[in-house]
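Here are a few friendly notes to read with the model open beside you. Take the points one at a time and find each residue as you go.

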Amino acid sequence: MDLHYLEIFNTVAQQQSFTKASEILHISQPALSIQMKKLEEQIELKLFNKIGNKIYLSENGTMLYDYTQKIFAIIEEVENNISNKKEYVGGTLNLGGSNTPGTYILPSIIGEFKKIYPNVNINLHIGNTSEIGHLINNGTLDIAVNGGNSLYNNHIFVDKLMDDKLIIAASPNNPFAKKDKITLTDLKKMSFIVHKTDSQLYAYYEKFIDDIHISENISMYLGSIDAIKRAVIANLGVSLMPLAAVQLELEIGLLTKLPFEYQNEFYPYSLIYNKNKYLSTTATKFIEVLKDNITTYYETLKPSSK
């Protein structure tokens, strides 16, 4: 039985008029009459009685109309549920972040997102940039924010979100912290505490010393930003770090920024996701909240905002 014919019949039965039904369905009245005649021939039952200029459902037509009402009510329910599902913001969202954005930026963004969409469960995986890139590549993560300038496969979508600033962080007890201006001669005397050599922060340290033409002077390699900060606070050396990672310590006086002018001070954060993986409505909404809030994350990190 042709569903199209049933849809036409259901509309005619509702309106009790071929003319009104043809207007609703945008079908000419002669074409509509022909299709109703074909339906009657197909099921071998007469569906309408005509008395004067009016049509009425026959006994068979009334029986069929009971069924078509149920059929199209179910179809409408299915369409509504599909539409609601497309717009539904919920379920679980698997996020990723390299060390700096994952630890110091994404938690505040997640907080803003949860205020709007409290029913979403969020898993946040923090790792180095290569690990996060791999997890996006194999579909484990839905979306991620990576720091630095990693290279990705062609099927990874990359959208730069913002530039952070790289600063030279030092303990307030460091003798160079008392100076109004740091010179290249001063930098040559400093020992640096750096992240692991496979990290983007280490790559930026190498770029930094290459740009200002000084030799590498590393006192220790540490595996996490928090460990680096603790070592710098203990005055075991200085470190080139993104402002997002040390802003709280700068605010409360555990660290200080050495006054050195560096032209290539920018450290980018980029949104990444796999183009071949379905991007859910929940993921899309998170990206919207992320882009709306990431440029104000410095304020959210201040103690007064807690």
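1. Let's begin at the surface of this predicted model. The protein exposes about 16,600 Å², and 50% of that area is supplied by carbon and sulfur atoms. As for the inside, 44% of the 306 residues count as buried.

2. Next, look at the overall build. You can trace twelve helices and eleven strands in the protein. Its radius of gyration is 33 Å, while the globule rule gives 19 Å for 306 residues, so the protein is more spread out than a compact globule. The C-alpha trace tells you how far the protein reaches: along the principal axes it spans about 105 × 40 × 25 Å.

3. How do the contacts run along the chain? Counting contacts between residues at least 6 apart in sequence, 73% join residues at least 24 apart.

4. A word on charge. The protein has 29 positive and 33 negative charges, and the mean positions of these two groups are 3 Å apart.

5. Now for the aromatic rings. A pair of rings is described by the distance of the centres and the angle of the planes. The count here comes to twelve aromatic pairs. Take F208 and F260 as a worked example: their ring centres are 6.2 Å apart and their planes stand at 90 degrees, which is over the 60 degrees needed, so this pair is edge-to-face. The pair links distant parts of the chain, with the two positions 52 residues apart in numbering. F208 sits in helix 8 (residues 200-212), whereas F260 lies in the loop between strand 10 (256-257) and strand 11 (266-274). Both F208 and F260 are buried. They also belong to one aromatic cluster, together with F192, Y202, Y205 and Y221.

6. Is T129 buried or exposed? Its relative accessible area is 7%, under the 20% cut-off, so T129 is buried. You will find T129 in helix 6 (residues 129-137). Leaving aside neighbours within four places in sequence, T129 is in contact with S98, N146, G147, S150 and Q200. Try picking out these partners of T129 in the model.

7. Finally, visit T281, which is found in helix 11 (residues 281-293). Because its relative accessibility is 15% and the cut-off is 20%, T281 counts as buried. How far is T281 from L6? The two are 275 residues apart in sequence, and their C-alpha atoms are 34 Å apart in space.

Key. Residues numbered from 1 in each chain as written. Predicted model: local features only at pLDDT ≥ 70, side-chain atom pairs only at ≥ 80, totals over all residues. Heavy atoms only, no water. Helix = DSSP H or I, 4+ residues; strand = E, 2+ residues; numbered from the N terminus. Rg over C-alpha atoms; globule rule 2.2 N^0.38 Å. Buried < 20%, exposed > 50% of the residue type's maximum accessible area, 1.4 Å probe, protein only. Contact = heavy atoms within 4.5 Å. Areas by Shrake-Rupley, 256 points an atom, 1.4 Å probe, with all protein chains shown as cover. Lys, Arg positive; Asp, Glu negative; His and termini not counted. Charge placed at Lys NZ, Arg CZ, Asp CG, Glu CD. Phe/Tyr/Trp six-rings, centres within 6.5 Å; stacked < 30°, edge-to-face > 60°.
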